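Visitor: I've got a model open on my screen and a few labels I'd like to have explained. Could you walk me through them?

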Amino acid sequence: MNTMAALALTQNLRFTPAPPLKTLKQHQRPNPKTLKITASSSSRLSGRKLRAAVIGGGPAGSSAAEALAAGGVETYLFERSPSTAKPCGGAIPLCMIDEFSIPLHLIDRHVTRMKIISPSNLTVDFGSKTLKSHEYIPMLRREVLDSFLRSRAQSNGANFITGLVTDIEVPDSYSSKPYVIHHTVNNCKRSLAVDLIVGADGANSKVAKIIDAGNYSCAIAFQERIKLPDEKMEYYHNLAEMYVGDDVSPDFYAWVFPKCDHVAVGTGTVCAKQNIKGYQRGIRERVREKIKGGKVIKVEAHPIPEHPRPRRVRGRVALVGDAAGYVTKCSGEGIYFAAKSGKMCGEAIVKASEGGEKMVSEEDLKREYLREWDKKYSNTFRFLDLLQRVFYGSDVGREALVELCGDEYVQRMTFDSYLYKKLASGHRWDDLKMVLNTFGTFMKCKVVGREMEALRLSAKRVLF
Ligand SMILES: Cc1cc2nc3c(=O)[nH]c(=O)nc-3n(C[C@H](O)[C@H](O)[C@H](O)COP(=O)(O)OP(=O)(O)OC[C@H]3O[C@@H](n4cnc5c(N)ncnc54)[C@H](O)[C@@H]3O)c2cc1C
C-alpha cells in the first residue's frame, strides 16, 4: 500500500486530519512534556485495526514491524536509506540464528578463535579449547541481515515506506487523537496518522527527542575496513582480535574483526572522543605487521549508546534498540538486543491490543513491554557495566582482564552468557576458585601495572 492510499485510509477512519505542514509552527505543537493518555484510550476500535508506525528499518525496527504485522496490527515501517550499510562489526550471538530464524547462508564467517591482547602484549587464546565443535560466532554484513529482516516483516504484512521521517505531531494530553508522521518520499512531503509509534531510529533518534525521552552518554566508534592481501586475510579467516590498552582506548577495546572479504579495524571511547583518531593510529600500530599491504576501502564512525534512556515509553510511543539505549557495556553488543527489544515490544502491543482490536495506553506499554524487558535484561546490563568499570579503566585492570581470560572456566562462562544470552549458572567450587583467582590476579597485576608505569617513566627520561 502506498503512502497516499494510507493517508486516504486515515481520513476515512475519521482521524483528525493533520494541518498542512507549512502552517504548523513550533508554539502550536502540543507540549510533549504534558503527554498523558486517559483510560478511555483503552477502548475497543470499531471497524478498523490498530495502526502503528515503526520508524527505522534496522534489526530493532524490522523485528518490531514483523511482530506487529504478524499479530494483526496495521503496520508501517519507515526506513530512510535501505541500501546503506550501518557501520558495525556484524557479530551476533549463536542463539540469534535459531531465535530469529536467520538462514545460515547469510553468514559470512564462523569465528571460532578469539585473541585478547593486553597492554604489555600478553596474548590469550579465547575459544580454541573452550568452544564446542558446533559453536561459533556468526559474522554477517549488516546490509544483508537488515534487508533480510525488512523483507520478512513485509512478507508478514508490514507496509514498507522508503522515506525520511522529518517530524512527528504529538497529540494533546488526555487525548486519543493520532500521532502524525511527517516524512519525505523522493523529496515529496507526505503525512500519515497512526495510533502509536515504535521508535527504532538508532542512536541519534529523532523519535526520542520528540517525546523528550532524555539523553544518554554515547561512545564513539571508529572503524576502517581494510582489504588485505590473501595470505594476510587467511590469518583472520576464523579469528577475531581484541586489544586493550591506553594506546588504543582509555575506556573500551579496539578490534580486528573478519568480514566477508576484508577486516574491520576499529576502536571506541566515551571519555576522550576528541582523541579517537589517535587511538585508531594506536590500533593500526599494534597490528601493523598483520595488516601490511592492506588497502583501506571504507572509513566510518558512529555513536554507541552507553545506557538506557531515562524514559523509553511516553504516551503511545515506545523506544527500542539503540534508540532506547540497549547496547551492553564491555562488548558494545547491540544487534541481538535491538532485534529482541523490537520483537518484545511488537508482541507486547499485539497482546495489549488483543490482536490490533483495542487502543493501547502508556500503562499497557510500560506493563507489557518495559517491565518484561527490565525483568529479563537489567541485571545483564548492570553486570557488564560493572565489568567495564573494573577492567577497562586502567592498564592494571586490563592486564588483570587478559590474565583472567586465560582461565578455561572463565572462558566457558563468558561464551555461555554471550552465545546463549543467559546469565550462566556455574559450579560453586569453580565460582569460588574464579573469585580467588580474580583477587590473586589483581594483586599480581598491581605489580605489573607499577612496573609498566616505571618502565614508561624511565623511557620518557631516556627519550627527553
Ligand atoms: C562501529 C560499530 C561496530 C559495532 N559492532 C557490533 C557488533 O559486532 N555486534 C553487535 O551486536 N553490535 C555492534 N554494534 C552495535 C550495533 O550496530 C547496534 O546496536 C545496532 O545496529 C542497533 O540496531 P537498531 O535497529 O536499534 O539501530 P540501527 O541499526 O542504527 O538502525 C536504525 C535505522 O533507522 C533509520 N533511521 C534513522 N532515522 C530515521 C528517520 N528519521 N527516518 C527513517 N529512518 C530513519 C536508519 O537509517 C537505520 O537504518 C556496533 C556499532 C558500531 C558503531
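Guide: What follows is a short chat about helix packing and ligand contacts. This is a predicted model, where local features need pLDDT of at least 70, side-chain atom pairs count only at pLDDT 80 or more, and totals for chains, interfaces and linings use all residues. Residues are numbered from 1 along each chain as its sequence is written, and side-chain values use heavy atoms, with hydrogens and water left out.

Visitor: Why are helix 2 and helix 9 called roughly parallel?

Guide: Their axes cross at roughly 25 degrees and come within 7 Å. Axes are lines fitted to C-alpha atoms, for helices over the stretch in contact, and angles run from 0 to 180 degrees between N-to-C directions. Angles under 35 degrees count as roughly parallel, over 145 as roughly antiparallel, 65 to 115 as roughly perpendicular and the rest as oblique, so helix 2 is roughly parallel to helix 9.

Visitor: And what makes residues 59–70 a helix?

Guide: Helices are DSSP runs of H or I with at least four residues, numbered from the N terminus; residues 59–70 are helix 2.

Visitor: Which label fits helix 9 and helix 10, roughly parallel or roughly antiparallel?

Guide: Helix 9 and helix 10 (residues 362–391) pack at about 150 degrees, with axes 8 Å apart. That angle makes helix 9 roughly antiparallel to helix 10.

Visitor: Which residues of helix 2 and helix 4 meet?

Guide: Contact means heavy atoms within 4.5 Å. Pro 59, Ser 62, Ala 65, Glu 66 and Ala 69 in helix 2 meet residues of helix 4 including Arg 142, Asp 146 and Leu 149. By class, that contact has five nonpolar, one polar and five charged residues. Here Ala, Val, Leu, Ile, Met, Phe, Trp, Tyr, Cys and Pro are nonpolar, Asp, Glu, Lys and Arg are charged, and the others, Gly among them, are polar.

Visitor: How do you know that Arg 142 makes a polar contact with the ligand?

Guide: A polar contact is a pair of N or O atoms within 3.5 Å (within protein, one must be able to donate a hydrogen and the other to accept it, and residues adjacent in sequence count only if both atoms are side-chain atoms). An N or O atom in the Arg 142 side chain is 2.7 Å from a ligand oxygen, so the pair qualifies. A polar side-chain atom of Asp 322 also lies 2.7 Å from a ligand oxygen, and a backbone N or O atom of Gly 90 is 3.1 Å from one.

Conventions: Helices (H or I, at least four residues) and strands (E, at least two) are DSSP runs, numbered from the N terminus.
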